[in-house]
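Me: I have a model open and want to know how its labels are justified. Could you go through them with me?

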Amino acid sequence: MQLEARPSGPLRGACVPPGDKSISHRALILGALAEGETQIAGLLEGADVLHTAGAMRALGAAPERVGEGAWRILGRGRLAAPDATIDCGNSGTGVRLIIGAAAGYPLAATFTGDDSLRRRPMLRILTPLELMGARFDAAEGGRLPLTLHGGAPNGGPLRAISYTLPVASAQVKSAILLAGLNAEGVTQILEPEPTRDHTERMLKGFGAALQIEGRAIRIAGGQRLHASSVRVPSDPSSAAFAIVAALIVPGSELRAENVLLNPTRTGLFQTLIDMGADLSIENRRDASGEEVGDIVARHSSLRGIVVPPERAPSMIDEYPILAVAAACAEGDTIMRGIAELRVKESDRIALMAKGLTACGASVEEEKDALIVHGTGAPPRGGAQIATGGDHRIAMSHLVLGLAAKEPVRIDEAGMIETSFPAFPAFMRALGADIS
Ligand code: S3P
(Lines give C-alpha, C1' and ligand atoms only; values in the text may rest on other atoms or scores of the structure.)
Protein backbone atom coordinates (compact mmCIF):
# COMPACT_ATOMS: atom_id res chain seq x y z
CA MET A 1 0.00 0.00 0.00
CA GLN A 2 1.20 3.49 -0.87
CA LEU A 3 0.48 6.56 1.25
CA GLU A 4 0.58 10.23 0.28
CA ALA A 5 0.90 13.27 2.53
CA ARG A 6 -0.31 16.59 1.14
CA PRO A 7 0.34 20.18 2.23
CA SER A 8 -1.91 20.57 5.27
CA GLY A 9 -3.55 23.28 7.36
CA PRO A 10 -2.52 23.72 10.99
CA LEU A 11 -2.20 20.60 13.16
CA ARG A 12 -4.10 21.05 16.38
CA GLY A 13 -5.37 19.14 19.36
CA ALA A 14 -4.26 16.73 22.03
CA CYS A 15 -3.02 13.22 21.35
CA VAL A 16 -1.69 10.21 23.22
CA PRO A 17 1.00 8.52 21.10
CA PRO A 18 1.23 4.70 21.29
CA GLY A 19 3.11 2.83 24.01
CA ASP A 20 6.89 2.88 24.13
CA LYS A 21 8.36 0.10 22.01
CA SER A 22 11.49 -0.46 24.13
CA ILE A 23 9.50 -0.72 27.36
CA SER A 24 6.85 -2.93 25.73
CA HIS A 25 9.43 -5.54 24.62
CA ARG A 26 11.03 -5.53 28.05
CA ALA A 27 7.71 -5.87 29.92
CA LEU A 28 6.92 -9.06 28.00
CA ILE A 29 10.42 -10.50 28.34
CA LEU A 30 10.78 -9.80 32.07
CA GLY A 31 7.20 -10.97 32.60
CA ALA A 32 8.14 -14.28 31.00
CA LEU A 33 11.33 -14.63 33.10
CA ALA A 34 9.53 -13.82 36.36
CA GLU A 35 7.49 -16.12 38.54
CA GLY A 36 3.78 -15.32 38.55
CA GLU A 37 1.42 -13.11 36.58
CA THR A 38 2.63 -9.72 35.32
CA GLN A 39 0.02 -7.14 34.29
CA ILE A 40 0.86 -4.69 31.50
CA ALA A 41 -1.14 -1.56 30.61
CA GLY A 42 -0.54 0.53 27.50
CA LEU A 43 1.48 -2.11 25.64
CA LEU A 44 2.38 -1.10 22.09
CA GLU A 45 0.46 -3.51 19.88
CA GLY A 46 2.73 -3.05 16.87
CA ALA A 47 4.11 -5.93 14.84
CA ASP A 48 7.56 -5.83 16.54
CA VAL A 49 6.12 -6.25 20.03
CA LEU A 50 3.57 -8.86 18.90
CA HIS A 51 6.50 -10.91 17.58
CA THR A 52 8.09 -10.70 21.03
CA ALA A 53 4.82 -11.84 22.64
CA GLY A 54 4.80 -14.82 20.24
CA ALA A 55 8.41 -15.60 21.11
CA MET A 56 7.63 -15.58 24.83
CA ARG A 57 4.77 -18.02 24.21
CA ALA A 58 7.14 -20.26 22.22
CA LEU A 59 9.61 -20.16 25.14
CA GLY A 60 7.03 -21.38 27.64
CA ALA A 61 5.37 -18.26 29.08
CA ALA A 62 1.68 -17.47 28.60
CA PRO A 63 1.02 -13.92 27.35
CA GLU A 64 -2.65 -13.04 26.95
CA ARG A 65 -4.38 -9.92 25.62
CA VAL A 66 -7.20 -8.88 27.91
CA GLY A 67 -8.14 -5.49 26.40
CA GLU A 68 -6.72 -2.65 24.29
CA GLY A 69 -3.04 -2.48 25.28
CA ALA A 70 -3.89 -4.55 28.38
CA TRP A 71 -1.98 -7.80 28.66
CA ARG A 72 -1.13 -10.31 31.30
CA ILE A 73 1.70 -12.76 31.08
CA LEU A 74 2.17 -15.79 33.24
CA GLY A 75 5.88 -16.35 33.77
CA ARG A 76 7.36 -19.61 34.98
CA GLY A 77 10.62 -18.24 36.36
CA ARG A 78 12.54 -19.76 33.46
CA LEU A 79 12.40 -20.20 29.69
CA ALA A 80 11.88 -23.58 28.01
CA ALA A 81 13.00 -24.97 24.63
CA PRO A 82 10.69 -23.95 21.76
CA ASP A 83 9.18 -26.49 19.33
CA ALA A 84 9.82 -24.38 16.24
CA THR A 85 11.96 -21.54 14.88
CA ILE A 86 11.24 -18.21 16.57
CA ASP A 87 10.54 -15.41 14.07
CA CYS A 88 11.21 -11.92 15.47
CA GLY A 89 9.99 -10.15 12.31
CA ASN A 90 11.64 -6.75 11.85
CA SER A 91 12.77 -6.28 15.44
CA GLY A 92 16.43 -6.02 16.38
CA THR A 93 15.46 -5.18 19.96
CA GLY A 94 13.21 -8.23 20.20
CA VAL A 95 15.69 -10.74 18.84
CA ARG A 96 18.77 -9.41 20.65
CA LEU A 97 17.10 -9.18 24.06
CA ILE A 98 15.37 -12.55 23.72
CA ILE A 99 18.61 -14.30 22.72
CA GLY A 100 20.30 -12.73 25.78
CA ALA A 101 17.44 -13.82 28.06
CA ALA A 102 17.39 -17.37 26.64
CA ALA A 103 21.19 -17.81 26.67
CA GLY A 104 21.20 -18.60 30.38
CA TYR A 105 19.00 -21.69 30.05
CA PRO A 106 20.09 -25.16 28.87
CA LEU A 107 18.00 -25.09 25.70
CA ALA A 108 18.45 -24.98 21.94
CA ALA A 109 16.46 -22.36 20.02
CA THR A 110 16.61 -21.13 16.43
CA PHE A 111 15.86 -17.47 15.68
CA THR A 112 15.12 -15.72 12.42
CA GLY A 113 13.53 -12.52 11.12
CA ASP A 114 12.52 -10.66 7.98
CA ASP A 115 14.94 -9.67 5.18
CA SER A 116 16.02 -6.52 7.04
CA LEU A 117 16.65 -8.30 10.34
CA ARG A 118 18.58 -11.10 8.61
CA ARG A 119 20.98 -8.46 7.26
CA ARG A 120 21.64 -6.85 10.65
CA PRO A 121 24.75 -7.54 12.76
CA MET A 122 24.33 -10.07 15.57
CA LEU A 123 28.02 -10.61 16.42
CA ARG A 124 27.70 -7.67 18.81
CA ILE A 125 25.64 -9.95 21.10
CA LEU A 126 27.12 -13.32 20.11
CA THR A 127 30.66 -12.29 21.12
CA PRO A 128 29.90 -11.46 24.78
CA LEU A 129 27.39 -14.30 25.14
CA GLU A 130 30.02 -16.76 23.85
CA LEU A 131 32.48 -15.39 26.41
CA MET A 132 29.84 -16.30 29.02
CA GLY A 133 29.69 -19.88 27.67
CA ALA A 134 26.71 -19.91 25.27
CA ARG A 135 27.27 -21.35 21.78
CA PHE A 136 25.80 -20.35 18.42
CA ASP A 137 25.46 -21.77 14.91
CA ALA A 138 24.88 -18.67 12.84
CA ALA A 139 24.61 -17.73 9.17
CA GLU A 140 27.63 -16.09 7.56
CA GLY A 141 28.98 -13.08 9.43
CA GLY A 142 27.13 -14.09 12.59
CA ARG A 143 23.73 -13.22 11.15
CA LEU A 144 20.24 -14.71 11.42
CA PRO A 145 19.01 -17.36 11.16
CA LEU A 146 21.00 -18.69 14.09
CA THR A 147 20.68 -21.43 16.67
CA LEU A 148 21.48 -20.76 20.31
CA HIS A 149 22.72 -23.52 22.59
CA GLY A 150 22.16 -21.97 26.00
CA GLY A 151 23.92 -22.52 29.30
CA ALA A 152 27.57 -23.58 29.59
CA PRO A 153 28.90 -26.52 27.52
CA ASN A 154 29.15 -28.72 30.68
CA GLY A 155 25.43 -28.21 31.34
CA GLY A 156 26.14 -25.75 34.17
CA PRO A 157 25.31 -22.04 34.36
CA LEU A 158 26.95 -19.32 32.26
CA ARG A 159 29.94 -17.56 33.79
CA ALA A 160 29.88 -13.87 34.62
CA ILE A 161 32.06 -11.54 32.54
CA SER A 162 33.26 -7.97 32.71
CA TYR A 163 32.63 -6.45 29.28
CA THR A 164 33.28 -3.03 27.77
CA LEU A 165 30.71 -2.35 25.04
CA PRO A 166 32.49 -1.62 21.74
CA VAL A 167 29.41 0.32 20.53
CA ALA A 168 26.98 2.35 22.61
CA SER A 169 24.05 -0.06 22.40
CA ALA A 170 21.24 -0.59 24.88
CA GLN A 171 20.35 -3.78 23.05
CA VAL A 172 23.78 -5.31 23.64
CA LYS A 173 23.84 -4.07 27.24
CA SER A 174 20.41 -5.58 27.85
CA ALA A 175 21.26 -8.92 26.25
CA ILE A 176 24.28 -9.28 28.56
CA LEU A 177 22.34 -8.17 31.67
CA LEU A 178 19.57 -10.68 30.98
CA ALA A 179 22.10 -13.47 30.44
CA GLY A 180 23.87 -12.31 33.61
CA LEU A 181 20.74 -13.15 35.62
CA ASN A 182 21.64 -16.82 35.10
CA ALA A 183 25.43 -16.60 35.28
CA GLU A 184 27.69 -17.64 38.11
CA GLY A 185 29.22 -14.52 39.67
CA VAL A 186 28.76 -10.82 39.06
CA THR A 187 28.44 -9.64 35.44
CA GLN A 188 29.78 -6.15 34.80
CA ILE A 189 29.13 -3.96 31.76
CA LEU A 190 31.00 -0.76 31.00
CA GLU A 191 29.27 1.66 28.62
CA PRO A 192 31.20 4.13 26.45
CA GLU A 193 28.20 6.51 26.59
CA PRO A 194 24.97 6.25 28.56
CA THR A 195 22.27 4.42 26.58
CA ARG A 196 18.61 3.85 27.39
CA ASP A 197 18.33 2.25 30.80
CA HIS A 198 14.86 0.70 30.71
CA THR A 199 16.20 -2.81 31.32
CA GLU A 200 17.99 -1.71 34.48
CA ARG A 201 14.93 0.17 35.77
CA MET A 202 12.53 -2.63 34.97
CA LEU A 203 14.78 -5.34 36.44
CA LYS A 204 14.64 -3.39 39.70
CA GLY A 205 10.84 -3.19 39.37
CA PHE A 206 10.80 -7.00 39.10
CA GLY A 207 12.82 -7.31 42.30
CA ALA A 208 16.39 -7.75 40.99
CA ALA A 209 19.35 -6.03 42.64
CA LEU A 210 21.66 -4.06 40.31
CA GLN A 211 24.57 -1.85 41.11
CA ILE A 212 25.08 1.20 38.90
CA GLU A 213 28.20 3.31 39.36
CA GLY A 214 28.91 5.87 36.66
CA ARG A 215 29.16 3.94 33.39
CA ALA A 216 29.45 0.54 35.15
CA ILE A 217 26.45 -1.71 35.68
CA ARG A 218 26.72 -4.88 37.76
CA ILE A 219 24.28 -7.72 38.23
CA ALA A 220 24.75 -10.84 40.36
CA GLY A 221 23.64 -14.14 38.86
CA GLY A 222 21.11 -16.47 40.44
CA GLN A 223 18.49 -13.79 41.18
CA ARG A 224 14.80 -14.59 40.81
CA LEU A 225 12.39 -12.10 39.29
CA HIS A 226 8.94 -11.57 40.76
CA ALA A 227 5.91 -10.72 38.65
CA SER A 228 5.09 -7.02 38.61
CA SER A 229 2.76 -4.55 36.99
CA VAL A 230 3.97 -2.22 34.25
CA ARG A 231 2.32 0.91 32.87
CA VAL A 232 3.88 1.67 29.50
CA PRO A 233 4.13 5.42 28.73
CA SER A 234 3.83 6.90 25.22
CA ASP A 235 6.84 6.42 22.98
CA PRO A 236 8.89 9.61 22.53
CA SER A 237 10.19 8.17 19.24
CA SER A 238 6.60 7.99 17.94
CA ALA A 239 5.55 11.32 19.52
CA ALA A 240 8.47 12.85 17.58
CA PHE A 241 6.58 12.61 14.26
CA ALA A 242 3.59 14.63 15.46
CA ILE A 243 5.82 17.09 17.32
CA VAL A 244 8.04 17.83 14.31
CA ALA A 245 4.93 18.07 12.11
CA ALA A 246 3.56 20.78 14.44
CA LEU A 247 6.89 22.65 14.36
CA ILE A 248 7.03 22.80 10.54
CA VAL A 249 3.34 23.30 9.59
CA PRO A 250 2.38 27.00 10.06
CA GLY A 251 -0.27 27.76 12.69
CA SER A 252 0.05 24.39 14.45
CA GLU A 253 -0.16 23.81 18.18
CA LEU A 254 -0.50 20.36 19.66
CA ARG A 255 -0.12 18.53 22.91
CA ALA A 256 1.36 15.01 23.08
CA GLU A 257 0.35 13.45 26.38
CA ASN A 258 1.92 10.89 28.72
CA VAL A 259 5.23 10.87 26.82
CA LEU A 260 8.23 9.03 28.29
CA LEU A 261 10.83 11.61 29.38
CA ASN A 262 13.64 9.31 30.50
CA PRO A 263 16.78 11.46 29.92
CA THR A 264 18.34 8.66 27.86
CA ARG A 265 15.53 9.19 25.32
CA THR A 266 14.99 12.95 25.12
CA GLY A 267 17.93 14.03 22.96
CA LEU A 268 15.66 15.01 20.05
CA PHE A 269 13.56 17.36 22.18
CA GLN A 270 16.69 19.10 23.51
CA THR A 271 18.06 19.37 19.96
CA LEU A 272 14.81 20.88 18.64
CA ILE A 273 14.84 23.41 21.50
CA ASP A 274 18.46 24.25 20.57
CA MET A 275 17.18 24.84 17.01
CA GLY A 276 14.66 27.37 18.32
CA ALA A 277 11.60 25.13 18.67
CA ASP A 278 8.74 26.30 20.85
CA LEU A 279 8.42 23.14 22.95
CA SER A 280 7.32 23.02 26.55
CA ILE A 281 6.92 20.16 28.97
CA GLU A 282 4.08 20.14 31.47
CA ASN A 283 2.74 17.83 34.12
CA ARG A 284 5.92 15.83 34.79
CA ARG A 285 5.13 12.70 36.81
CA ASP A 286 6.23 9.10 37.46
CA ALA A 287 4.88 5.97 35.73
CA SER A 288 6.26 2.58 36.87
CA GLY A 289 9.68 4.03 37.68
CA GLU A 290 9.91 6.15 34.49
CA GLU A 291 9.39 9.92 34.19
CA VAL A 292 6.57 11.03 31.87
CA GLY A 293 4.99 14.36 30.92
CA ASP A 294 2.98 16.23 28.29
CA ILE A 295 4.79 18.02 25.46
CA VAL A 296 3.27 21.13 23.88
CA ALA A 297 4.67 21.99 20.43
CA ARG A 298 3.92 25.12 18.39
CA HIS A 299 4.96 26.09 14.87
CA SER A 300 8.45 27.60 15.05
CA SER A 301 11.16 29.12 12.88
CA LEU A 302 13.98 26.63 13.21
CA ARG A 303 17.71 27.26 12.65
CA GLY A 304 20.38 24.72 11.80
CA ILE A 305 22.84 23.62 14.48
CA VAL A 306 25.73 21.22 15.05
CA VAL A 307 24.16 18.29 16.92
CA PRO A 308 26.56 17.16 19.68
CA PRO A 309 27.72 13.64 18.66
CA GLU A 310 27.68 12.49 22.30
CA ARG A 311 23.94 13.07 22.26
CA ALA A 312 23.44 10.37 19.60
CA PRO A 313 22.50 7.45 21.90
CA SER A 314 19.67 9.51 23.44
CA MET A 315 18.12 10.20 20.03
CA ILE A 316 19.43 7.38 17.87
CA ASP A 317 16.04 6.55 16.33
CA GLU A 318 15.12 10.22 15.82
CA TYR A 319 17.71 11.29 13.23
CA PRO A 320 15.36 10.63 10.27
CA ILE A 321 12.69 12.98 11.65
CA LEU A 322 15.36 15.45 12.82
CA ALA A 323 16.65 15.54 9.23
CA VAL A 324 13.13 16.58 8.15
CA ALA A 325 13.09 19.40 10.72
CA ALA A 326 16.59 20.37 9.52
CA ALA A 327 15.37 20.52 5.90
CA CYS A 328 12.81 23.16 6.99
CA ALA A 329 15.30 25.12 9.13
CA GLU A 330 17.46 28.09 8.17
CA GLY A 331 21.14 27.13 7.79
CA ASP A 332 23.15 23.94 8.14
CA THR A 333 22.34 21.11 10.53
CA ILE A 334 25.35 18.87 11.03
CA MET A 335 24.72 15.39 12.43
CA ARG A 336 27.96 13.50 13.08
CA GLY A 337 28.88 10.30 14.93
CA ILE A 338 25.86 8.45 13.59
CA ALA A 339 27.44 5.44 11.82
CA GLU A 340 25.05 3.18 13.79
CA LEU A 341 22.24 4.53 11.58
CA ARG A 342 23.64 2.47 8.74
CA VAL A 343 22.82 -0.81 10.56
CA LYS A 344 19.28 -0.01 11.71
CA GLU A 345 16.15 -1.34 9.93
CA SER A 346 17.71 0.22 6.81
CA ASP A 347 20.76 2.35 6.06
CA ARG A 348 19.05 5.46 7.40
CA ILE A 349 21.82 7.89 6.41
CA ALA A 350 21.60 6.81 2.77
CA LEU A 351 17.80 6.70 2.59
CA MET A 352 17.27 10.08 4.28
CA ALA A 353 19.87 11.70 2.02
CA LYS A 354 18.19 10.20 -1.05
CA GLY A 355 14.62 10.98 0.03
CA LEU A 356 15.26 14.57 1.09
CA THR A 357 17.26 15.22 -2.09
CA ALA A 358 14.35 13.87 -4.17
CA CYS A 359 12.13 16.39 -2.32
CA GLY A 360 14.43 19.26 -3.36
CA ALA A 361 16.53 19.64 -0.19
CA SER A 362 20.31 20.03 -0.24
CA VAL A 363 21.89 17.18 1.72
CA GLU A 364 25.37 15.71 2.05
CA GLU A 365 26.10 12.20 3.21
CA GLU A 366 29.35 11.07 4.83
CA LYS A 367 30.35 7.71 6.27
CA ASP A 368 29.11 8.59 9.74
CA ALA A 369 27.35 11.89 9.13
CA LEU A 370 24.38 13.61 7.53
CA ILE A 371 24.50 17.32 6.75
CA VAL A 372 21.37 19.19 5.74
CA HIS A 373 21.60 22.67 4.20
CA GLY A 374 18.30 24.35 5.12
CA THR A 375 16.96 27.44 3.37
CA GLY A 376 14.50 28.51 6.04
CA ALA A 377 11.52 27.17 4.08
CA PRO A 378 10.29 23.59 3.62
CA PRO A 379 11.62 21.86 0.50
CA ARG A 380 9.42 21.49 -2.58
CA GLY A 381 8.33 17.85 -2.04
CA GLY A 382 6.65 16.31 -5.05
CA ALA A 383 8.49 12.98 -4.96
CA GLN A 384 7.90 9.30 -4.45
CA ILE A 385 10.15 7.97 -1.70
CA ALA A 386 11.79 4.53 -1.48
CA THR A 387 11.43 3.63 2.20
CA GLY A 388 13.58 0.48 2.06
CA GLY A 389 10.97 -1.22 4.25
CA ASP A 390 11.84 1.10 7.15
CA HIS A 391 8.98 2.46 9.28
CA ARG A 392 10.83 5.58 10.41
CA ILE A 393 11.94 6.51 6.89
CA ALA A 394 8.28 6.15 5.83
CA MET A 395 6.79 8.30 8.61
CA SER A 396 9.52 10.96 8.38
CA HIS A 397 8.86 11.62 4.70
CA LEU A 398 5.09 11.71 5.24
CA VAL A 399 5.62 14.41 7.87
CA LEU A 400 7.69 16.37 5.36
CA GLY A 401 4.81 16.11 2.86
CA LEU A 402 2.54 18.00 5.29
CA ALA A 403 4.78 21.09 5.13
CA ALA A 404 6.11 20.80 1.54
CA LYS A 405 4.61 22.63 -1.44
CA GLU A 406 3.77 19.42 -3.31
CA PRO A 407 2.62 16.00 -1.99
CA VAL A 408 5.11 13.37 -0.86
CA ARG A 409 4.26 9.75 -1.52
CA ILE A 410 5.92 6.66 -0.02
CA ASP A 411 6.31 3.46 -1.98
CA GLU A 412 5.21 1.10 0.79
CA ALA A 413 3.40 1.90 4.04
CA GLY A 414 2.99 -1.60 5.49
CA MET A 415 6.09 -1.44 7.70
CA ILE A 416 4.61 1.46 9.71
CA GLU A 417 2.76 -1.38 11.49
CA THR A 418 5.98 -2.34 13.28
CA SER A 419 5.98 0.65 15.63
CA PHE A 420 2.93 2.88 15.00
CA PRO A 421 0.02 0.95 13.46
CA ALA A 422 -2.49 3.82 13.72
CA PHE A 423 -0.12 6.49 12.33
CA PRO A 424 -2.22 7.70 9.35
CA ALA A 425 -5.46 7.97 11.38
CA PHE A 426 -3.58 9.46 14.34
CA MET A 427 -2.13 12.21 12.14
CA ARG A 428 -5.46 12.80 10.33
CA ALA A 429 -7.15 13.36 13.72
CA LEU A 430 -4.69 16.26 14.25
CA GLY A 431 -5.56 17.74 10.83
CA ALA A 432 -2.97 16.11 8.59
CA ASP A 433 -3.94 15.31 5.00
CA ILE A 434 -2.57 11.74 4.67
CA SER A 435 -4.23 8.95 2.74
C1 S3P B 1 16.66 -0.04 21.55
C2 S3P B 1 17.95 0.40 21.45
C3 S3P B 1 18.45 1.11 20.25
C4 S3P B 1 17.33 1.62 19.36
C5 S3P B 1 16.25 0.61 19.18
C6 S3P B 1 15.66 0.21 20.52
C7 S3P B 1 16.26 -0.77 22.78
O8 S3P B 1 19.27 0.23 19.52
O9 S3P B 1 17.84 1.99 18.09
O10 S3P B 1 15.21 1.10 18.35
O11 S3P B 1 15.04 -0.91 23.03
O12 S3P B 1 17.16 -1.19 23.53
P13 S3P B 1 20.83 0.01 19.90
O14 S3P B 1 20.86 -0.37 21.30
O15 S3P B 1 21.33 -1.09 19.03
O16 S3P B 1 21.47 1.32 19.58
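Me: Happy to start with Ser234. What makes a residue a contact of Ser234, and which residues does Ser234 touch?

Reply: This is a predicted model, and a contact here requires heavy atoms within 4.5 Å. Leaving out residues up to four places away in sequence, Ser234 touches Val16, Pro17, Pro18, Gly19 and Asp20, along with Glu257, Asn258, Val259 and Leu260. Ser234 itself is in the loop between strand S16 (229-231) and helix H8 (236-248).

Me: Why is Ser234 called buried or exposed?

Reply: Buried means under 20% relative accessible area. Ser234 has 2% relative accessibility, so Ser234 counts as buried.

Me: And Asn258, one of the residues that Ser234 touches: why is Asn258 given its exposure label?

Reply: The label for values between 20% and 50% is partly exposed. Asn258 has a relative accessible area of 25%, so Asn258 is partly exposed. Asn258 is placed in strand S17 (residues 253-260), and its phi is positive, about 65 degrees, although Asn258 is not a glycine.

Me: What makes Asn283 worth a stop as well?

Reply: Asn283 is a residue other than glycine, and its phi has a positive value near 60 degrees. Asn283 is in strand S18 (residues 278-287). With a relative accessible area of 46%, Asn283 is partly exposed.

Me: How do you know whether Pro166 is buried or exposed?

Reply: Exposed means over 50%. Pro166 has a relative accessible area of 66%, so Pro166 is exposed. Pro166 lies in the loop between strand S11 (162-164) and H6. From Pro166 to Ala350 there are 184 residues in sequence and 23 Å in space, C-alpha to C-alpha.

Me: Let's turn to the ligand. Which residues surround the ligand?

Reply: The ligand is surrounded by Ser22, Arg26, Thr93, Ser169, Ala170, Gln171, Arg196, Ile316, Asp317 and Lys344.

Me: What makes the approach of Ser22 to the ligand a polar contact?

Reply: A polar contact is a pair of N or O atoms within 3.5 Å. A polar side-chain atom of Ser22 lies 2.7 Å from an oxygen atom of the ligand, so the pair meets that cut-off. Lys344 also uses its side chain, with an N or O atom 2.7 Å from an oxygen atom of the ligand. For Ala170 the partner is a backbone N or O atom, 2.8 Å from a ligand oxygen atom.

Me: How much of the ligand does the protein cover?

Reply: On its own the ligand has 380 Å² of accessible area, and the protein covers 95% of it. The space that the ligand takes is the largest pocket. Helix H1 (21-33) and helix H6 (170-180) are the elements that give two or more residues to the shell around the ligand.

Me: Which residues of helix H9 (residues 267-274) are buried, and what covers them?

Reply: In H9, Gly267, Leu268, Phe269, Thr271 and Leu272 are buried. Their cover includes H8, S17, S18, strand S19 (290-298), strand S20 (306-307) and helix H10 (319-327). After H9 comes Gly276, with a positive phi near 100 degrees.

Me: Last one: which two residues does a cis peptide bond join?

Reply: The cis peptide bond joins Leu144 and Pro145, with omega about -5 degrees. Pro145 is found in strand S9 (residues 143-149).

Technical notes
Residues numbered from 1 in each chain as written. Predicted model: local features only at pLDDT ≥ 70, side-chain atom pairs only at ≥ 80, totals over all residues. Heavy atoms only, no water. Helix = DSSP H or I, 4+ residues; strand = E, 2+ residues; numbered from the N terminus. Buried < 20%, exposed > 50% of the residue type's maximum accessible area, 1.4 Å probe, protein only. Near = heavy atom within 4 Å. Polar contact = N/O pair within 3.5 Å; in protein donor to acceptor, adjacent residues only side chain to side chain. Areas by Shrake-Rupley, 256 points an atom, 1.4 Å probe, with all protein chains shown as cover. 1 Å grid on protein atoms, 1.4 Å probe; cavity = no way out; pocket = protein on both sides within 12 Å on 5 of 7 lines; lining within 4 Å. Sits in = over half its atoms within 2 Å of the grid points.
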